Amino acid sequence: MPVIRKIIPTELSQYRAHLLRLDKADRYARFAGALSDEAVERHCAAIDWGRTVLLGAFEDGVLRGAVELCGERMLWPDQAEFGISVESGLQGKGVGSTLVRRILTVARNRGIRHVHMMCLSGNVRMRALARRFGGRLALDGGEAAVLFELPPPNQFSLALEALEDGSGAFNSILSGNAILTRLPGVRPERLAA
């Protein structure tokens, strides 16, 4: 299983590269429509880190899967939406399930009660993931609108997010691919000691 952890703003180039690596079908599925390289670039440049949380699946230090949770707290304080992408080499290996489960925990812990997701009606994997995590599907032509209703946060959900954040950081350090290990004067073997 790849290392799953939050993506920080200084890693935006990795997220952009991941989205640009998606093949035509996977990019179409991620954005529910065709998107040019330039449009992907604009999407990444427009990310507002104050209202967006990104989780990533890193394999050998390279971002291979991601889920982007975005909300507008001023207009819709208890609502957000997410989009997910997993490169073909990691599909069918539980990466998407892990990313969805974790982003729903992140959303819950931020007081978000309703999480929306759009996918193509023919996207069998995403529809199965939605059902697995209690999402309600509504088909509308070629798209499926999914709504996840979340309970309020509790001590368990808060502890789970903290534990998973720590585990992701620790696993990144162990794999030698953490941002910390790339700082001048910081050697990975000193962090593991």
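The largest pocket encloses about 770 Å³ of space in this structure, which is a predicted model. Its lining is made up of 37 residues, and those that lie nearest the centre of the pocket are A29, R30, G83, I84 and S85. Several elements of secondary structure take part, since at least two lining residues are supplied by each of the helices α2 (24-31), α4 (95-109) and α5 (124-132) and by each of the strands β3 (62-70), β4 (79-86) and β5 (114-120). Of the contributing elements, β4 gives the most to the lining, with six residues. In terms of residue character, the lining of the largest pocket comprises 18 nonpolar, eleven polar and eight charged residues.

Two residues of helix α4 were examined individually. V100 is found in this helix, and with a relative accessible area of 1% it is classed as buried, because the limit for that class is under 20%. When neighbours within four places in sequence are left aside, V100 is in contact with F82, I84, L129 and F133. As regards F133, its position is 33 residues from V100 along the chain, while the C-alpha atoms of V100 and F133 are separated by 8.1 Å.

N109 is likewise placed in helix α4, and at 12% relative accessibility this residue also falls under the 20% limit and therefore counts as buried. Outside its neighbours within four places in sequence, N109 is in contact with P153, S157, L158 and E161. With S157 there is, in addition, a polar contact that joins the side chain of N109 to the side chain of S157 at 2.6 Å.

Definitions and conventions. Residues are numbered from 1 along each chain as its sequence is written. This is a predicted model: local features need pLDDT of at least 70, side-chain atom pairs count only at pLDDT 80 or more; totals for chains, interfaces and linings use all residues. Side-chain values use heavy atoms; hydrogens and water are left out. On a 1 Å grid over the protein atoms alone, a cavity is a set of points where a 1.4 Å probe fits but cannot get out, and a pocket is an open set with protein on both sides within 12 Å along at least five of seven lines; lining residues have an atom within 4 Å of a point. Grid points are joined across faces, edges and corners, and a volume is the space filled by probe spheres set on the points. Helices (H or I, at least four residues) and strands (E, at least two) are DSSP runs, numbered from the N terminus. Ala, Val, Leu, Ile, Met, Phe, Trp, Tyr, Cys and Pro count as nonpolar, Asp, Glu, Lys and Arg as charged, and the others, Gly among them, as polar. Buried means under 20% relative accessible area, exposed over 50%, partly exposed in between (1.4 Å probe, protein chains only). Contact means heavy atoms within 4.5 Å. A polar contact is a pair of N or O atoms within 3.5 Å; within protein, one must be able to donate a hydrogen and the other to accept it, and residues adjacent in sequence count only if both atoms are side-chain atoms.
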